[in-house]
Amino acid sequence: QVQLAESGGGLVQPGESLKLSCAASGSIFSSYHMGWFRQVPGKEREFVAAISWIVSITRYADSVKGRFTISRSNAKNTLYLQMNSLKPEDTAVYYCAADDNYNFKSVNYWGQGTQVTVSS
């Protein structure tokens with residue numbers, strides 16, 4: 001069992017930065033691929049970024065490529081998402097995810113989400 005808890009969300013202005021964290025319980029954190037997803041009301045949850053459990057291979061949605069950076073610390077059981085040059089369209093609830101498959105087609109574990117609002 002893996003429990004995930006996101007933090008770091010908030011209200012920022014366009015162009016500003018924010019860093020999300022996801023603390024994972026359990027010693028098997030390092031065995032899972034980790035990802036970030038986001039969701040706005042009335043829309044499906046969408047993929048944002050992922051990082052593999054070994055070698056830390058990363059991939060990003062086109063909408064955030066070049067602005068967001070995903071990273072992980074297996075020693076601290078923590079996943080991060082550094083978000084720069086934020087836009088109003090980045091406003092969403094951001095979820096942390098853990099999956100034993102890098103395609104994240106069937107996520108094993110979800111966090112409870114943290115709200116990010118980008119507005120002037």
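**Figure 1. Tryptophan 110 and its aromatic partner in the predicted model.** In this predicted model, tryptophan 110 has a relative accessible area of 36% and is therefore classed as partly exposed. The whole structure contains five aromatic pairs. In one of them, the rings of phenylalanine 37 and tryptophan 110 meet edge-to-face, with 5.1 Å from centre to centre and 75° between the planes. Phenylalanine 37 belongs to strand E4 (residues 33-39) and tryptophan 110 to strand E10 (residues 109-110), so the contact ties together parts that are 73 residues apart in sequence. Phenylalanine 37 counts as buried because its relative accessibility is 8%. Ring pairs further connect Phe37, Phe47, Tyr95, Phe104 and Trp110 into a cluster.

**Figure 2. Cationic side chains placed over tyrosine rings.** Lysine 19 is positioned over the face of tyrosine 80, at a distance of 4.7 Å from the ring centre. A second arrangement of this kind involves arginine 59, which lies over the face of tyrosine 102 at 4.9 Å from the ring centre.

**Figure 3. The salt bridge between glutamate 46 and arginine 38.** Side chains of opposite charge can pair when their charged atoms come close. The model holds four salt bridges. Glutamate 46 and arginine 38 form one of these, and their closest N and O atoms are 2.6 Å apart. The two partners are classed by accessibility as follows: glutamate 46, at 36% relative accessibility, is partly exposed, whereas arginine 38, with a relative accessible area of 6%, is buried.

**Figure 4. Aspartate 90 as a shared salt-bridge partner.** The side chains of arginine 38 and aspartate 90 meet in a salt bridge with an N to O distance of 3.0 Å. This pair links distant parts of the chain, with arginine 38 in strand E4 and aspartate 90 in the loop between strand E8 (78-83) and strand E9 (92-99), 52 residues apart. Arginine 38 and aspartate 90 are both buried. Aspartate 90 also forms a salt bridge with arginine 67, where the closest N and O atoms are 2.8 Å apart. Arginine 67 is located in the loop between strand E6 (58-60) and strand E7 (68-73), and aspartate 90 in the loop between E8 and E9, so this pair ties together parts that are 23 residues apart in sequence. Arginine 67, like aspartate 90, is buried. Through shared partners, the salt bridges join Arg38, Glu46, Arg67 and Asp90 into one network.

**Figure 5. A nonpolar surface patch that includes tryptophan 53****.** Trp53, Ile54, Val55 and Ile57 make up a nonpolar patch on the surface, and together they present about 410 Å² of accessible area. Tryptophan 53 is found in the loop between strand E5 (46-51) and E6. With a relative accessible area of 36%, tryptophan 53 is partly exposed.

**Figure 6. The fold that frames the close-up views.** The protein has eleven strands and zero helices. Along the sequence, its elements follow the pattern β-β-β-β-β-β-β-β-β-β-β. Its radius of gyration is 13 Å, close to the 14 Å given by the globule rule for 120 residues, so the protein is as compact as a globular protein of that length. The C-alpha trace spans about 40 × 25 × 25 Å along its principal axes. Of the 120 residues in the protein, 42% are buried.

Methods. Residues numbered from 1 in each chain as written. Predicted model: local features only at pLDDT ≥ 70, side-chain atom pairs only at ≥ 80, totals over all residues. Heavy atoms only, no water. Phe/Tyr/Trp six-rings, centres within 6.5 Å; stacked < 30°, edge-to-face > 60°. Helix = DSSP H or I, 4+ residues; strand = E, 2+ residues; numbered from the N terminus. Buried < 20%, exposed > 50% of the residue type's maximum accessible area, 1.4 Å probe, protein only. Lys NZ or Arg CZ within 6 Å of the ring centre and 35° of its normal. Patch = residues over 30% accessible without salt bridge, like charges linked within 9 Å, V, L, I, M, F, W, Y side chains within 5 Å. Areas by Shrake-Rupley, 256 points an atom, 1.4 Å probe, with all protein chains shown as cover. Rg over C-alpha atoms; globule rule 2.2 N^0.38 Å.
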